Amino acid sequence: MKKTRPSFRLPRAWVPYLLLSPFLALFSIFGLFPLLFSLWMAFQSWEPTAGLEAMRFTGLENFIFVLGDAWFWKALGNTLWLAVFSGLPQHLVALPLAVFINRAFGRHGHSVAAAYFLPYITSTVAIAMMFTSLLSTDYGLINALLKWAFGMEAINWLWQPQTLKPAVAMVVFWRYVGFNLVLYLAALQTIPRELYQAAKLDGAGSWSCFRYITLPALKPMMLFGITLSIIGGMQLFEEPFILTNGRGGPDQAAMTVAIYVYRLAFDFSDFGAANAISWLLFALLATMTWLTNRAFKDRKP
């Protein structure tokens with residue numbers, strides 16, 4: 001009589017966890033561990049060249065140092081300025097532009113929006129190099145146009161504190177306005193046309209349709225887009241870093257919080273303070289995101 005070996009069967013309840021285990025393992029190594037290590041480092045004083053044994057627990061000293069550091073507050077002010085003056089215009093331009101493209105081109109609007117989306121997928125280094133050339137005092141096209149149109153002298157855009165921040169904000173706006181345009185255009189094309197037809201039959205004009213149909217329907221997408229703009233604006237790093245060669249420009253006019261964290265960690269080897277700033281920025285972002293959600297929340301009478 002042939003013996004049958006007992007077959008091992010995995011309990012069905014374990015199958016989802018087994019399928020998720022590769023992701024969970026990678027997330028634990030590259031996501032969760034760095035996050036917890038960063039939180040631990042925020043309470044440590046450490047010189048990386050001295051090895052892990054040189055770590056020393058300092059409690060809240062790093063946070064106290066950061067909150068009393070004038071450079072941190074300057075970097076935070078720069079970051080807030082750039083977040084507002086590069087993020088707000090993105091939505092003020094993208095929303096009406098999306099409405100126009102949707103009305104003029106209908107379902108084929110995505111082909112037009114693709115041209116506006118190209119800067120978003122273009123290399124940041126290439127964009128920074130292009131704008132460095134455009135803003136040059138010697139051969140820059142922008143200065144040439146200003147001189148031709150208004151007879152103005154060449155402006156040293158990237159080496160004057162009063163012009164550096166507007167120049168960086170312009171680059172960030174140009175890069176991300178197409179992303180928000182695509183978001184709004186996608187949301188517009190989900191609104192049933194019957195709503196507009198019924199409103200027009202009742203005598204509603206274009207502005208009434210926009211105010212009472214389009215805007216309420218776009219509210220979830222507006223919340224999503226503005227939240228992304230807030231997070232991206234407060235974490236702004238690449239554009240000002242490349243345009244200022246990593247130094248924040250004259251008088252640190254474009255040094256953002258992210259650049260200051262980078263410099264603290266890799267220029268001054270103060271990893272404790274750098275991680276403390278990262279967690280303070282996280283708390284600020286969480287608060288701003290919560291306030292944004294509250295602002296968009298439907299208010300019951």
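How many salt bridges does the count come to? The count comes to three salt bridges. The structure is a predicted model, with a mean pLDDT of 87 for the protein and 96% of its residues at 70 or more. Among the elements of the protein, helix α2 (residues 61–67) has the highest mean pLDDT, 93, and helix α8 (residues 193–201) the lowest, 84.

Two of the salt bridges involve R175. R175 and E239 meet through their side chains at 2.8 Å, N to O. This pair links distant parts of the chain, since R175 lies in helix α7 and E239 in helix α10, 64 residues apart. R175 also forms a salt bridge with E238, where the closest N and O atoms are 3.6 Å apart. E238 is in helix α10 and R175 in helix α7 (residues 161–188), so this pair ties together parts that are 63 residues apart in sequence.

The three side chains are covered to different extents by the rest of the protein chain. R175 counts as buried because its relative accessibility is 8%, below the 20% limit for that class. E239 is buried as well, with a relative accessible area of 3%. E238, at 39% relative accessibility, counts as partly exposed. Apart from residues up to four places away in sequence, E239 touches T124, V171, V172, R175 and Y176. The salt-bridge partner R175 is thus one of the contacts of E239.

The remaining pair is R263 with D267, whose side chains meet in a salt bridge at 3.2 Å, N to O. R263 is buried, with a relative accessible area of 8%, while D267 counts as partly exposed at 35% relative accessibility. Through shared partners, salt bridges join R175, E238 and E239 into one network.

The loops on either side of helix α11 (257–266) come next. D251 is in the loop between α10 (238–243) and α11. D251 is not a glycine, yet its phi is positive, about 60°. Is D251 buried or exposed? D251 counts as exposed because its relative accessibility is 56%, above the 50% limit for that class. S269 is placed in the loop between α11 and α12 (271–296). S269 also has a positive phi, near 55°, in a residue other than glycine. At 25% relative accessibility, S269 counts as partly exposed.

Helix α9 (residues 206–234) holds M222, and C209 is found in helix α9 too. C209 is buried, with a relative accessible area of 3%. Leaving aside neighbours within four places in sequence, C209 is in contact with Y196, A199, K200, A204 and T214. The C-alpha atoms of C209 and L195 are separated by 8.8 Å, and the two residues are 14 apart along the chain.

M222 is also buried, with a relative accessible area of 17%. Which residues is M222 in contact with, leaving aside its neighbours within four places in sequence? M222 is in contact with Y184, L215 and F296. T190 lies 14 Å from M222, C-alpha to C-alpha, and the two residues are 32 apart in sequence.

At the surface, L20, F23, L24, F27, L32, L35 and L36 make a nonpolar patch of about 650 Å². One of these residues, L36, lies in helix α1 (residues 15–41).

The unreviewed UniProt entry supplies annotations for the chain. Its "transmembrane region" annotation covers residues 20–42, 79–101, 113–135, 167–188, 209–231 and 271–291. In the model, the span of residues 79–101 is 100% helix and 0% strand, with its end C-alpha atoms 32 Å apart. The span of residues 113–135 is 87% helix and 0% strand, and its end C-alpha atoms lie 26 Å apart. The entry also places "domain: ABC transmembrane type-1" over residues 76–292. Over residues 76–292 the chain is 77% helix and 0% strand, and the end C-alpha atoms are 19 Å apart.

Technical notes
Residues are numbered from 1 along each chain as its sequence is written. This is a predicted model: local features need pLDDT of at least 70, side-chain atom pairs count only at pLDDT 80 or more; totals for chains, interfaces and linings use all residues. Side-chain values use heavy atoms; hydrogens and water are left out. Patches are made of residues with over 30% relative accessible area and no salt bridge: like charges are joined within 9 Å, nonpolar side chains (Val, Leu, Ile, Met, Phe, Trp, Tyr) within 5 Å. Accessible areas come from the Shrake-Rupley method with a 1.4 Å probe; for residues, only the protein chains shown count as cover. A salt bridge is a side-chain nitrogen of Lys or Arg within 4 Å of a carboxyl oxygen of Asp or Glu. Helices (H or I, at least four residues) and strands (E, at least two) are DSSP runs, numbered from the N terminus. Buried means under 20% relative accessible area, exposed over 50%, partly exposed in between (1.4 Å probe, protein chains only). Contact means heavy atoms within 4.5 Å. UniProt positions are given in the numbering used here, feature names are shortened, and annotations may be inferred rather than shown by experiment. pLDDT is the predictor's confidence in each residue, from 0 to 100.
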